[in-house]
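Dear colleague,

I am handing over the structure below, together with notes on what turned up in it. Please read them with the view open beside you.

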Amino acid sequence: MPAIAYLNRLLPGLQPLLKYRAEDLPHDFSAGLAVAAVSIPVAIAYAEVAGLSPSAGLYSSILPMIVYALAGTSRQMIIGPDAATCAMIAAVVAPLAAGNSGVYLSFSIALTLLTGIFCIAASFLRLGGLADFLARPILVGLLNGISLSIMVGQVGKVLGSKGQASRFFRQILEIPELVLQAHVPTVLLSLGCVLVMSVMPRLSQRIPASLVTMILAALAAYLLRLDEMGVALIGPVASGLPTLDWPELQLHEVGDLAGSAAGLGLVLFTSGMLTARSFAERNRYDIDVDREFAAFGMANIASALSQGFAVTGSSSRTAVNDANGGRTQMVSVIAAVAIALLLLAGTASLAWLPIPALGVVLIFASWSLLDLQVFRRYHQVERAALLLGAVTMLGVLAFGAIKAIMLAVTLALLMFVRRVARPALEELVVVDGRSGLYNRLLFPDATPIGGLLLLRFCGPLVFFNASHFRSEVQRAIARQTLPVERVVLDLIPMTNLDITGIDMLERLDEELAAQGIVLTLAGRQIEFERWLEITGHPDESLRQRAYPTMRQAIRQWHGREETATDDAEEVVAEDAQGASRQGG
């Protein structure tokens, strides 16, 4: 029994497959064929982005899909090559391979293997929360930068010209020269592919436009002998299933690739989790992020062992699965078997695929990932998100994906530290016609309670922000137009208090007392008393001026003014009940 429980934990998808229901097969079968139809042209195109052979893209779509079906906790997500991972592979491996195609393949497989090992190690350490460090703006910037890079990189292929530049901005400057060198038959074929890609979604949403485009382009190349006219074809594609082989790694190669593997693992896991979570929420089931980390690792190791490259969750192929009624992980198994059958029987036809057609498919796929409008929303809602997204996008275009991610994550951590080190100090006021207390910035015309200044420090009070807290309290007092007799500090948002924070409260208490102002604390009374005990603080006066709620603190101050007391109690009643629920 323990062995079975361990196996179910290791392979959470195994049990549903063993208990597979026959009534799900028609739905899963049609969805699996649809996924395979989309995966084949996309895998070939993304292999081009990664700088690898078409067969490597197909290999990456067989065993990894089967492994994820067994190891993953998402019932619908489809694993396979992805624009971001392929672009990152090319950016990491190309400088190391220095133009040697054999070394390039070896480094790509080794990078994929190390990425898988990193993901499994992260799962054992329960680091699924690492994905949250790649905030949504960073991923948006990453995808936007990669999308623009891929699109500009395909210009030479769709024009039949050969560019020399490898960086985005130099490629942009090179476009006029590529246009002047354009190959007419290639341009005409590319325009035909653009027409098919544009028209097919309007004719049918169920038939993949990329598949139809590739089939028609291959037929045109075969019937019109476009290769004799100078149109580039992908050429022979290796047939048969991949051989399972453990890549050879030298110690210095591990050092060269380890950092990039960790970055690649974090990116592919984060982007995959966005897909998995969105479809899980839509279909009302849960996923286990730590188990998903292990599943991604196992899928990437399987890809490396079968001569493939890094894979992640694909939003487009998962959407095809969902739209075609896929119900279980069997969809991935059926799609993988279909691709394997193609490798066994039909690779001869793939040799006629024109490279310009792949370029057009990649341009359309990249265009679907591009989302520049979100930057307008970030500008309206949160400038920090706009900065993160823009820095990541420009970093990808200028330095490459790995360096851009390191830069963006560093910037995000600095912004996080700044927020924690400099929390806002809110002045709370009563608003006519509303119960509770509100930030005065939202109601600047509200009248303060006479002689009373209510403050809320929105963060922990610890060693790195204690001085900031004291300064902000003094500034808040200086801003008041009426004399302040008592300051009431709301402790509810103060999630932590260390010895430096308590010492700063004591110092502030002494400074306010010298000004004739009494400091009172409200909320977290028991926790505050325990903080004092843990830190061995001798001061009893602060303990005596700590109250369970804001309501009681205000009542104590206004005890001699019944009218003011009644008004204050009424407006803060709701706030006080909330404070009591949080432990007072």
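Strand β3 (residues 425-429) and strand β4 (residues 438-439) pair in the antiparallel sense, with two bridges between them, and in this pairing V429 of β3 stands opposite Y438 in β4. Please keep in mind throughout that this is a predicted model. On β3 there is a further pairing, again antiparallel, with strand β5 (residues 452-457), and here four bridges join the strands; within it, L428 is found opposite L454 of β5.

How many of the five residues of β3 are buried? The count is five of five, so the strand is mostly covered. Taken face by face, L425, E427 and V429 lie on one side while E426 and L428 lie on the other, and both faces are covered, since each of these residues is buried.

Returning to Y438, the residue that faces V429 across the strand pairing, its relative accessibility is 23%, and it therefore counts as partly exposed, because buried would require a value under 20%. The ring of Y438 pairs with that of F443, the centres being 5.5 Å apart and the planes at 70°, which makes the pair edge-to-face because the angle is over 60 degrees. F443 is likewise partly exposed, with a relative accessible area of 25%. Over the ring of Y438 there also sits the charged end of R434, at 5.9 Å from the ring centre, and a comparable arrangement occurs elsewhere, where the charged end of R75 sits over the ring of Y285, 3.9 Å from its centre.

The count of aromatic pairs in the model comes to 10. Another edge-to-face pair is formed by F463 and F464, with 4.9 Å from centre to centre and 80° between the planes. Is F463 exposed or buried? At 58% relative accessibility F463 counts as exposed, because that value is over 50%, whereas F464, at 35%, counts as partly exposed. Ring pairs also link Y68, F118, F269, F293 and F296 into a cluster.

F296 leads on to the nonpolar interior. The largest nonpolar core holds 117 residues, and F296 is among the members that touch the most others, together with I44, L58, L111, L134, L142 and I146. The largest share of this core, 14 residues, is supplied by helix α3 (residues 25-50). In soluble globular proteins, nonpolar side chains tend to be buried together. Setting aside residues up to four places away in sequence, F296 touches Y68, M77, I79, C119, L268, F269, G272, M273, T312 and G313. There is also a second, separate core of 29 residues, which includes A466, A476, I477 and V487.

The last residue I would point out is D490, which belongs to strand β6 (residues 486-490). With a relative accessibility of 3%, D490 counts as buried, because this value is under 20%. What lies 3.1 Å from a polar atom of the side chain of D490? It is the backbone nitrogen of I492. Apart from its neighbours within four places in sequence, D490 is in contact with L455, R456, F457, A522 and M550; of these, L455, R456 and F457 fall within the residue range of β5, 452-457, the strand that is joined to β3 by four bridges.

With kind regards

Conventions:
Residues numbered from 1 in each chain as written. Heavy atoms only, no water. Core = buried A, V, L, I, M, F, W, Y, C linked by side-chain atoms within 4.5 Å. Buried < 20%, exposed > 50% of the residue type's maximum accessible area, 1.4 Å probe, protein only. Contact = heavy atoms within 4.5 Å. Polar contact = N/O pair within 3.5 Å; in protein donor to acceptor, adjacent residues only side chain to side chain. Phe/Tyr/Trp six-rings, centres within 6.5 Å; stacked < 30°, edge-to-face > 60°. Lys NZ or Arg CZ within 6 Å of the ring centre and 35° of its normal. Pairing = 2+ DSSP bridges.
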